[in-house]
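Trainee: Please give me a close look at a single part of this protein. I want one strand, its partners and its packing, with cut-offs for each term.

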Amino acid sequence: QAMRALQGKRIPYEVLTYPDDMRDAVEIALLLGVSPDEVFKTLVVLPPEKSKKPLLVMLPASAQLDLKKLAEAVGTKKLKMATHREAEQLTGLQVGGISAVALLEKPFSVYMDESAMSLTHVFISAGKRGIQLKIAVTDVVKLTGARIAPVALAE
């Protein structure tokens, strides 16, 4: 799905594959020979109000999500991480293969950690475990409508 979306918009990308039983983004980065700071995982976060859209949050493999910072960026008091089951039900994708680029047709608000802005490209899931896409950060932001915010936990 993600590759079709990119081809349809004529956005250049590179495909990298890894064993589809791997789910840890840091391990995947090491296997691909790239920095864990360049491999962005996508997390599903739920707003407290059922009427609001769920969130897709992209952040470096090496980082943890700071729910307080994200809530501040969204303009709400409280957010909660979706369980694996909720994430898979909402996205129709397996955990480890969730991708904002593969979910352009679905009603999600998309956020990306501000650290991406210091990079020229990121590696994100293609919407299926075992496939990563190398894409320019500007293209990911433009395509997904991602809002940039400091959402990673300060180390």
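Mentor: What follows starts with the whole chain and then closes in on one strand.

This is a predicted model: local features need pLDDT of at least 70, side-chain atom pairs count only at pLDDT 80 or more, and totals for chains, interfaces and linings use all residues. Residues are numbered from 1 along each chain as its sequence is written, and side-chain values use heavy atoms, leaving out hydrogens and water.

The overall frame comes first. The protein has 5 helices and 8 strands. These are DSSP runs, numbered from the N terminus: helices are H or I with at least four residues, strands are E with at least two. Along the sequence the pattern reads α-β-α-β-β-α-β-α-β-β-β-α-β. The radius of gyration is 14 Å, in agreement with the value near 15 Å for a compact globule of 155 residues. That radius is taken over C-alpha atoms, and the globule rule is 2.2 Å times the number of residues to the power 0.38. Buried residues make up 50% of the 155. Buried means under 20% relative accessible area, exposed over 50%, and partly exposed in between, with a 1.4 Å probe and protein chains only.

Now the strand itself, β6. 5 of its 5 residues are buried, so β6 is largely enclosed by the rest of the structure. Its place in the sheet is another matter. The sheet is open, has 3 strands in the order β1-β7-β6, and pairs antiparallel. β1 (14-17) and β6 are its edges; each has a single partner strand, so one side of each lacks a neighbour in the sheet. On average, neighbouring strands are turned by 30 degrees against each other, direction ignored. Axes are lines fitted to C-alpha atoms, for helices over the stretch in contact, and angles run from 0 to 180 degrees between N-to-C directions.

The partner of β6 is β7, joined to it by 5 bridges. Two strands pair if DSSP finds at least two bridges between them. His-121 stands opposite Ala-136. Ile-124 has Leu-133 as its bridge partner. The hairpin of β6 and β7 has 5 residues between the strands, and there Gly-127 takes a positive phi near 100 degrees.

Ser-125 belongs to β6, which covers residues 121-125. At 5% relative accessibility, Ser-125 is buried. A polar atom of its side chain lies 3.2 Å from the backbone oxygen of Gly-97. Beyond its neighbours within four places in sequence, Ser-125 is in contact with Gly-96, Gly-97, Ile-98, Ser-99, Ile-131 and Gln-132. Contact means heavy atoms within 4.5 Å.

One of those residues, Ile-98, leads into the largest nonpolar core, which has 32 residues; Ile-98 is among those with the most contacts inside it, with Leu-56, Met-58 and Met-112. Such a core is a set of buried Ala, Val, Leu, Ile, Met, Phe, Trp, Tyr and Cys residues joined through side-chain atoms within 4.5 Å. β6 is one of the elements that give two or more residues to this core, as are β7 (131-136) and α5 (137-144). The largest share, 4 residues, comes from α5. Met-112 is in contact with Val-122, and also with Val-140 and Val-141, among others. Another core, of 13 residues, lies apart and includes Leu-55 and Val-57.

Conventions:
Polar contact = N/O pair within 3.5 Å; in protein donor to acceptor, adjacent residues only side chain to side chain.
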